[in-house]
Amino acid sequence: MSEIGEGALRDQIVRVMRQMDQRGLNRGTSGNVSARFQDGLLVTPSGVVPDELTAGSVVFVNAAGESPADGARPSSEWRMHAGLYACRADIGAVVHCHSRHATILACAGRPIPPLHYMVGVSGRASVPLAPYQPFGSVELADAVADAMQGGLACLMANHGLITVGRTLSRALAVAEEMEEQAAVYCGTLAIGGPNLLSDAQMADIFERFKTYGQKR
């Protein structure tokens, strides 16, 4: 993300927040988005609905957790974003949303199992569940970083979904796919539960993913 200018990153953050709202991944002021920038991150402000969000209201938080005194307050979840960047040099963006089906599973205490090969878009065979901690807390940031490990997505108990990626567009794409897989899982639970893929079958999927799509 460092090769992209600050202005472009701010514009992308606004666009992704609005896309989440338009695509039904978020409602109102829930959710937040960030991008790695310089020694810290650019993150959405606290309590601002997507339609009122501007590039200028996106907040820079430095490595010490400080933001400009004359600017907007950063999202209450900025520690969660900062914690992921601190332990994952491979990511440049974080997307957090309260999408309906992922949140239903998070509130039921259910991780997403390997019921469909597209669960593998999360980077792992299943999507884990981080234990509940209050929003905005250091404890939640630690729980999410631990649950995410080398993957690209995790559920947050009694809270929602969080995804990461090299870019904002990739993190958003993972969030959309995980919400779809959460919806499929909820549907299977209503008719007796899913027929899960085996470890070997998911390992085969990860090999096939290596040659899927266009080279970049």
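**Close-up views of a predicted model**

**View 1. What lies over helix α1.** The cover on the buried residues of α1 includes the strands β1 (32-37), β2 (40-43), β3 (59-61) and β4 (93-97), together with helix α5 (168-189). Keep in mind as you look around that this model is predicted. Which residues of α1 are buried? They are L9, R10, Q12, I13, V14, V16, M17, Q19 and M20.

**View 2. Helix α1 from end to end.** Here you can follow the 17 residues of α1, which run from 6 to 22. The helix reaches 24 Å from its first C-alpha to its last, close to the 24 Å expected at 1.5 Å a residue. After α1 comes G24, with a positive phi near 80°.

**View 3. The open sheet.** Seven strands take part, and you can trace them in the order β3-β2-β1-β4-β7-β6-β5. Their pairing is mixed. Which are the edge strands? Look for β3 and β5 (129-130), each of which pairs on one side only.

**View 4. Where β4 meets β7.** Strand β7 covers residues 160-165 and pairs with β4 in the antiparallel sense, over five bridges. To find your place in this pairing, start from V94: its bridge partner in β7 is V164.

**View 5. Two helices on the sheet.** Helix α4 (residues 138-148) packs on the sheet and touches β5, β6 (153-156) and β7. The direction of α4 makes about 140° with that of β6. Helix α5 packs on the sheet too, touching β1, β4, β6 and β7. For α5, the direction makes about 140° with that of β7.

Definitions and conventions:
Residues numbered from 1 in each chain as written. Predicted model: local features only at pLDDT ≥ 70, side-chain atom pairs only at ≥ 80, totals over all residues. Heavy atoms only, no water. Helix = DSSP H or I, 4+ residues; strand = E, 2+ residues; numbered from the N terminus. Expected span 1.5 Å × (residues − 1). Buried < 20%, exposed > 50% of the residue type's maximum accessible area, 1.4 Å probe, protein only. Contact = heavy atoms within 4.5 Å. Pairing = 2+ DSSP bridges. Axes fitted to C-alpha atoms, helices over the stretch in contact; angles between N-to-C directions.
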